[in-house]
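Let's take a walk through this structure together, starting at the ligand and moving outward. Keep the 3D view open as you read.

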Amino acid sequence: MGSNGSPPHVVIFPFMAQGHTLPLLDLSRALACRGTRVTIITTPANAPFILSKTSTHPAISLHVIPFPNVEELPEGCENVNHLPSPDLFVPFINATKPLRQPFEHILKEMCYSDSTTPICVISDMFLPWTVDSCCLFDIPRIVFSGMGVLPTVIVGNASSHVPCISSLHHSEPVNLPSVPFSLNKTDFPDLFWCADDKHPMLPILSELQQAEYNSWGIVVNSFEELEGDHVDAFEYQKETRAWLVGPLLLHDQIKQDLMNSGSGNVDQKQTSQYIEWLDQKTEGVGPGNVIYVAFGSQSYMTDLQMEEIALGLEMAGEQFIWVVRSKTWVPPVGWEERVGERGLVMRDWVDQRGILAHPAIGGFLTHCGWNSVLEGLSMGVPLLAWPKGAEQGLNARYVAMGLKAGLMVPQEHDAKGDPMPVQHNVICDAVKELMRGDQGKKARERARELGRKARQAVGKRWII
Ligand SMILES: O=c1ccn([C@@H]2O[C@H](COP(=O)(O)OP(=O)(O)O[C@H]3O[C@H](CO)[C@@H](O)[C@H](O)[C@H]3O)[C@@H](O)[C@H]2O)c(=O)[nH]1
């Protein structure tokens, strides 16, 4: 309770990228269901998406502040997912800094009254400046980290070995203390590749670190049963305390199961086409026979690589549902006819969690963004890992070698260490192994076990 008997008030400030916003919306709903008032801060172009996920919760309100005009960014671009190139990520992060003034104005207004003074602000790791705003008003800032605990620890440990890692040949293994499996140089974010100190992410990383250190603590979208062994190393590295509150996506699901009341936030009209298609597959070929193929909300893929994926999926002969983000790629001539009812290509935003929860799904070809990893494993679905950037290579290795709940798509690199296009026969073999092979079977058993643990973790923590 607030000091005057009113419900506690929490301010949540998500970073403007779907992979960062979605888990914080889960957290908002979970808090609202437990009697907390939540105010979410966002910008105009991001408001409709957030409203679509929160408008049914009377305890959640939205505060919209204008996104600054920044020359380097395309006009009207207020979300990382709409950046035309990953090179604009750093300018985008910097573009959020002028939001500080309107944010402080909101905090000031809230602090006029006891009933609206927030007990804390939970803001994304990529909004480090919010800690200084919170300090001004004596409000604790809690960092939200959307990355896994072990991948974060690996990045932190490796940061002190950047020159050493960057000097390695790309195929040489990297062995780090406290990491129970071997990594390759190519698993690391590209920041670790440059031998000098000019990478534009370096100053950002040190800002994030300083802000984490100055914050009250960190909430992480992970769970003890998966990553509890690495929390001490995480807290030691960050010099602050951490709470594992995930998998946040399961909060709604478990609540719905308990209430036995259908599909909650899922927009039935939007999802009906592919859910109906999946229903038919379950009836036709039984459960667990469809592979879901999707590479998150940010990864960029060449049309040449898209073509190889199309041919690989065709050759594998499995049923598939494939989310395509490219606006330019068209399937090879005759491909759609040859694949027929065996495959469904979706070009719009889909309800990924709804798809992964469907009994028809038996595997997930993924770029291994942390949300996708958690979503797949929470639903007991084994992963076919094909990282595309950021910390995804570490997540992929972790899933396949550490957790043993997935396999990896074999990826070759050129002399510079850049990934080469993966040929369709390689994709085909990897898909077949995941769906029908012995290794796939073992990964499936392990994914199911982790799925059960994930549900227990959330049930124990959130449902009282
Ligand atoms: O059509 C779509 C596409 C995506 N999603 C959702 O969007 C999120 C995507 O998140 P994630 O799988 O983590 O991928 P990215 O968007 O690429 O995530 C960024 O943020 C993650 C968390 O910090 C990092 O792990 C990644 O490397 C980084 O690219 C997931 O919840 C998906 O369910 C949908 O619901 N429908």
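**Around the ligand**

Two helices make a good starting point: helix 1 (18-33) and helix 16 (370-378) each supply at least two residues of the shell around the ligand. Please keep in mind that you are looking at a predicted model. Of these helices, helix 16 gives the largest share of the shell, four residues.

How many residues surround the ligand? There are 18, and the closest are S297, V350, S372, E375 and E391. What is the character of this shell? Its residues divide into five nonpolar, eleven polar and two charged.

Now zoom in on the oxygen atoms of the ligand, where several polar side chains come into view. S372 has a polar side-chain atom 2.5 Å from a ligand oxygen, and S372 is also listed among the closest residues of the shell. The side chain of N371 places an N or O atom 2.8 Å from an oxygen atom of the ligand. For Q392, the distance from a polar side-chain atom to a ligand oxygen is 3.0 Å. All three pairs count as polar contacts, because the cut-off for such a pair of N or O atoms is 3.5 Å. As for the ligand's surface, it exposes 690 Å² when taken alone, and the protein buries 95% of that.

Next, follow helix 1 away from the ligand to its meeting with helix 2 (residues 47-54). The axes of these two helices come within 10 Å and cross at roughly 35 degrees, and the crossing is right-handed. On the helix 1 side you will find Q18, T21, L22, L25 and R29, which meet F49, I50, K53 and T54 of helix 2. The residues of this contact divide into four nonpolar, three polar and two charged.

Finally, two spots in the backbone deserve a visit. Most residues other than glycine have a negative phi, and most peptide bonds are trans. Against that background, look at the loop between strand 9 (242-244) and helix 11 (250-259), where P247 lies. A cis peptide bond joins G246 to P247, with omega about -5 degrees. The other spot is D138, in the loop between helix 5 (130-136) and strand 5 (141-145). Although D138 is not a glycine, its phi is positive, about 60 degrees.

Conventions: Residues numbered from 1 in each chain as written. Predicted model: local features only at pLDDT ≥ 70, side-chain atom pairs only at ≥ 80, totals over all residues. Heavy atoms only, no water. Near = heavy atom within 4 Å. Polar contact = N/O pair within 3.5 Å; in protein donor to acceptor, adjacent residues only side chain to side chain. Areas by Shrake-Rupley, 256 points an atom, 1.4 Å probe, with all protein chains shown as cover. Nonpolar A, V, L, I, M, F, W, Y, C, P; charged D, E, K, R; others polar. Axes fitted to C-alpha atoms, helices over the stretch in contact; angles between N-to-C directions. Left-handed = near helix turned anticlockwise from the far one by under 90°. Contact = heavy atoms within 4.5 Å.
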